[in-house]
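Reader: I have a model open and would like to go through it piece by piece. Can we start with the strands?
Author: Fine. Here it is.

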Amino acid sequence: MIHTIVAPIIVFAVIVLVHEFGHFIMAKLTGMKVEEFAIGFGPKICSVRYGETLYSLRILPLGGFNRIMGMDNQEYTDKRAFVNRPVWQKLLVVSAGAAFNILLAFAIFTGVIWHEGKAVFPDYPVIGEVISDTPAERAGLEAGDRILYIGKSKIDKWTDIHGALANAGNTVLEVQISRAGVRHTVTVIPANRDGRTILGITAYVQVTPVSFTESLHMAADRCVAVIVGVGKGLMYIISGSPQGEVAGPIGIARIAGNVADTGILPLLLFIAILSLNLGVMNLLPIPLLDGGVIVLTVLEGLYGRKLPEKTLFYIQIAGIFILGGFFIYAMASDITALFR
């Protein structure tokens, strides 16, 4: 129960805070005036002013925000205001949030891979894990058992198991194994699940240590794979494909709670994947998102002055409708998932 409540708070807080810190630190580096950097939302618990910036802690621990002078599109005489800075500096500040989300994911992947090593599937017919309440557990099979025969089929590789079990659901099979060098024969009745014949075992996975340099390369590959996956998912959603799935706040909170029950490393990996999703989604050229601000900033740079107020108004309204529709779609998916 605690994981269900605390884990989503931690996940949202870390991802949003890192995103906002990206905007904050880039604004500072480019000489803009940051009026406030807040951890959390809602009423202030406490605050302290350091230099020109107010640093505050607020009551709702769900991320944070920062107020950069001039990001409200009003006129300012201060040259340090966002609206008065060069286009390239504006682009750096706006894109820094997504960049920091991507960097967070890269750092987590690197650390986990370096700590855990590289998992390799050697295709040995050795049981890695016996799943509870399955035919394998009832038959007395154990992790580390090497499968020699299933019925009359000789098993030399893990991939041989699938063929040996074909059409053998709900039938009595003799499985010969080697355990600590001693041969045993057990009787198993495989089950049929979702059109597949299963014993309830997972493959042995060999873990080898990797150097820090290797972990950096593997983390980069993982980030690219997730980003490509996000892109494909968006295309599925836009095309109306049933493969397009999206989770809203309820779904993310539920998943975070479930993942937290399995350990800290899975929760870190979940944060990394969600952080990448947020980073990519924020760069979409949709009004009110960072990507939309980037497009407007580029247009204003080419146009030589601010876009007309009426144009900005209609763009913002369009953004509200797009994001509102996406939010409703995500919430509907969450509610549907609860009743499955």
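Author: Strand β5 (residues 146-150) pairs with β6 in the antiparallel sense, over 2 bridges. This is a predicted model.

Reader: Which residue of β6 is the bridge partner of Ile150?
Author: Ser153 is the bridge partner of Ile150.

Reader: What is the order of the strands in that open sheet?
Author: The order is β6-β5-β7-β8, so named for 4 strands whose pairing is antiparallel. β6 (153-154) and β8 stand at the edges with a single partner strand each, so each has one side without a neighbour in the sheet.

Reader: How many bridges join β7 to β8?
Author: 7 bridges join them, and the two strands run antiparallel. One of the pairs is Gln176 with Thr185, the latter in β8.

Reader: And what sits between β7 and β8?
Author: The two strands form a hairpin with 2 residues between them. Ala180 is in that turn and has a positive phi of about 55°. In sequence terms, the loop with Ala180 lies between β7 (173-179) and β8 (182-188).

Reader: Is Ala180 buried or exposed?
Author: Exposed, because its relative accessible area is 79%, and the cut-off for exposed is over 50%.

Reader: Where else is there a positive phi in a residue other than glycine?
Author: Asp133 has one, with phi near 55°. Asp133 is in the loop between β4 (127-130) and α3 (135-139). With 53% relative accessibility, Asp133 also counts as exposed.

Reader: Switching to helices. How many residues does α2 have, and how far does it reach?
Author: Helix α2 (residues 87-116) has 30 residues. From first C-alpha to last, α2 reaches 43 Å, close to the 44 Å expected at 1.5 Å a residue.

Reader: Where does α2 bend?
Author: At Ala96, by about 45°.

Reader: What follows α2?
Author: Gly117, with a positive phi near 90°.

Reader: Which element has the lowest mean pLDDT, and which the highest?
Author: Helix α9 (residues 309-338) has the lowest, at 69, and α2 has the highest, at 94.

Reader: What does the protein average?
Author: The average pLDDT is 83, and 89% of the residues score at least 70.

Reader: Now the interior. Which residues touch the most other members of the largest nonpolar core?
Author: Val11, Phe109 and Phe270 do, in a core of 27 residues. At least two residues of this core come from each of α1 (2-29), α2, α5 (212-239), α6 (249-260) and α7 (264-282). The helix that gives the most is α7, with 7 residues.

Reader: What does Phe109 touch?
Author: Leaving out residues up to four places away in sequence, Phe109 touches Ala219, Arg222, Cys223, Val226, Leu269, Ala272, Ile273 and Leu276.

Reader: Which residues are in the second core?
Author: That core is separate and has 19 residues, including Ala139, Trp158, Leu173 and Ile177.

Reader: Last, some totals. How many helices and strands are there in the protein?
Author: There are 9 helices and 12 strands.

Reader: What share of the residues is buried?
Author: Buried residues account for 37% of the 340.

Reader: And the contacts between residues at least 6 apart in sequence: what share joins residues at least 24 apart?
Author: In this protein, 62% of those contacts do.

Methods:
Residues are numbered from 1 along each chain as its sequence is written. This is a predicted model: local features need pLDDT of at least 70, side-chain atom pairs count only at pLDDT 80 or more; totals for chains, interfaces and linings use all residues. Side-chain values use heavy atoms; hydrogens and water are left out. The expected span of a helix is 1.5 Å times one less than its number of residues. The bend at a residue is the angle between axes fitted to the seven residues ending there and the seven starting there. Buried means under 20% relative accessible area, exposed over 50%, partly exposed in between (1.4 Å probe, protein chains only). Two strands pair if DSSP finds at least two bridges between them. pLDDT is the predictor's confidence in each residue, from 0 to 100. A nonpolar core is a set of buried Ala, Val, Leu, Ile, Met, Phe, Trp, Tyr and Cys residues joined through side-chain atoms within 4.5 Å. Contact means heavy atoms within 4.5 Å.
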